[in-house]
Amino acid sequence: MTAATPHVPAGTHLLVTGGAGFIGSCYVRDVLARRDGTRITVLDKLTYAGNEANLAPLLADAEQAARLVFVRGDIADPAVVGPLVAEVDAVLNFAAESHVDRSILDPEAFLRTGVIGVHVLLEAIRREAARAAAGERARAPRFLQVSTDEVYGSVESGHSLEGDRLEPRSPYSAAKAAGELLVQSYFVTYGLDVVMTRGSNTYGPYQHPEKLIPLFVTNAIDDLALPLYGDGMQRRDWLYVSDHAGAIDFVLRHGEPGAVYNVPGSQELPNRTVVERLLGQLEKPWSLVRRVEDRPGHDRRYAMNGDRLGALGWSNRVGFDEGIAATVDWFLANEAWWRAVKSGDWDAYYGRQYGARLAGSTEAL
Ligand code: NAD
Ligand code: DAU
């Protein structure tokens with residue numbers, strides 16, 4: 001199979017789980033905008049992180065809206081998942097509890113979605129593989145599992161390769177690693193057509209303000225404190241959201257069955273530098289930054305080697321300068337979106353996560 005003959009052609013029907021979240025909704029918006037006849041069914045539980053407003057731009061476009069179906073439901077519910085998987089040519093699983101800090105406060109939902117949910121999706125695909133073997137459909141859906149660089153654990157030096165040991169260190173990353181192992185087992189044991197991506201730290205429009213960049217941008221707009229964990233010298237590799245979504249689509253179309261692909265941003269920066277950059281763009285002072293108690297088990301650095309994905313034919317398009325400028329501009333222009341997200345349960349979460357930390361904070365020099 002070459003780039004000219006994709007495993008999943010354009011114009012087919014995709015099931016996108018978690019498609020109302022940050023990266024999933026970008027994927028849906030970008031794929032439907034190609035106007036190539038692709039139909040998408042989004043399955044999303046609409047947890048605190050899911051937001052139908054992330055898909056709202058599509059509803060203003062009749063041609064795109066006609067190719068989108070939204071189903072509210074849980075990937076861990078076989079009665080919901082089975083009929084949806086039976087209709088499609090591929091399943092992309094973005095659905096997850098995605099915030100490390102919340103996994104430290106309360107891990108259970110991470111395991112339910114990240115392990116049981118993945119198992120339910122795989123079982124539905126296994127049934128479709130049996131139907132294909134019985135001649136009831138042409139082929140089983142391809143399954144793409146969206147995973148993360150966090151499965152490698154903290155990488156003190158060098159760059160992780162796809163064959164490296166998985167050494168997750170938080171409940172979030174342990175659930176993601178467990179999900180990956182299940183997917184791999186269904187490839188080996190049942191011969192399902194699966195691929196996996198391990199993306200790095202993603203940022204951009206529509207990201208929930210619990211995460212570093214949108215939290216600090218929106219707090220800074222309101223002149224609120226910016227809670228920097230520990231010395232702020234932890235390093236992350238920043239990947240713009242449309243590049244992450246594009247790489248996932250590229251792997252869906254062209255990835256080798258059973259293969260895992262790292263998706264690095266190739267823009268490694270310490271947190272302090274990221275914060276300096278966004279404050280500079282907002283013309284806000286460093287004095288807003290407070291040094292707070294560190295995240296327990298905080299991974300110091302993530303960094304991946306992207307040669308396998310590069311050899312497949314993908315390269316990112318958006319550098320950090322362009323991406324952070326576009327992101328800050330988007331949050332400045334979309335206050336109604338993030339003020340709505342920072343309402344309801346937000347204050348209770350913020351108090352639990354940051355109340356004592358900020359009370360005991362010191363100046364961040
Ligand atoms: P997000 O939290 O913004 O969105 C997750 C979506 O999944 C939400 O819409 C939520 O409602 C939905 N969801 C959660 N549990 C569900 C369930 N049981 N059934 C159906 N829907 C459910 O997350 P994100 O940042 O867009 O991340 C998407 C995926 O990418 C996740 O699998 C995450 O692990 C992975 N990832 C994220 C990053 C990042 O930096 N954000 C980097 C690498 C990988
Ligand atoms: O690396 C990929 C991962 O990136 C994804 O798998 C996760 O879903 C995604 O949430 C993200 O995880 P991180 O923990 O790296 O992202 P977060 O935005 O929570 O934190 C980024 C860095 O900033 C990290 O070193 C912790 C630090 N931080 C974060 C917050 C929210 C702070 O210093 N203060 C904060 O308030």
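1. A quick word on classes before we start: Ala, Val, Leu, Ile, Met, Phe, Trp, Tyr, Cys and Pro count as nonpolar, Asp, Glu, Lys and Arg as charged, and the others, Gly among them, as polar. On that basis, the shell around ligand 2 holds 10 nonpolar, 8 polar and 7 charged residues.

2. Please keep in mind that this is a predicted model, where local features need pLDDT of at least 70, side-chain atom pairs count only at pLDDT 80 or more, and totals for chains, interfaces and linings use all residues. Residues are numbered from 1 along each chain as its sequence is written, chains are lettered from A and ligands numbered from 1 in the order in which they are written, and side-chain values use heavy atoms, with hydrogens and water left out.

3. Around ligand 2 there are 25 residues (a heavy atom within 4 Å). T148, D149, Y172, N201 and R295 come nearest.

4. Now the polar contacts (pairs of N or O atoms within 3.5 Å). Oxygen atoms of ligand 2 lie 2.7 Å from a side-chain N or O atom of T148 and 2.6 Å from one of N201. At L212 the partner is a polar backbone atom, 2.8 Å from a ligand 2 oxygen. The protein covers 95% of the 690 Å² that ligand 2 has accessible on its own (Shrake-Rupley, 1.4 Å probe).

5. One cavity of 30 Å³ or more turns up (points on a 1 Å grid over the protein atoms alone where a 1.4 Å probe fits but cannot get out; the volume is the space filled by probe spheres set on the points). The lining of the largest cavity (residues with an atom within 4 Å of a point) includes N93, Q145 and K176. By class, this lining has 4 nonpolar, 5 polar and 1 charged residues.

Definitions and conventions: Polar contact = N/O pair within 3.5 Å; in protein donor to acceptor, adjacent residues only side chain to side chain. 1 Å grid on protein atoms, 1.4 Å probe; cavity = no way out; pocket = protein on both sides within 12 Å on 5 of 7 lines; lining within 4 Å.
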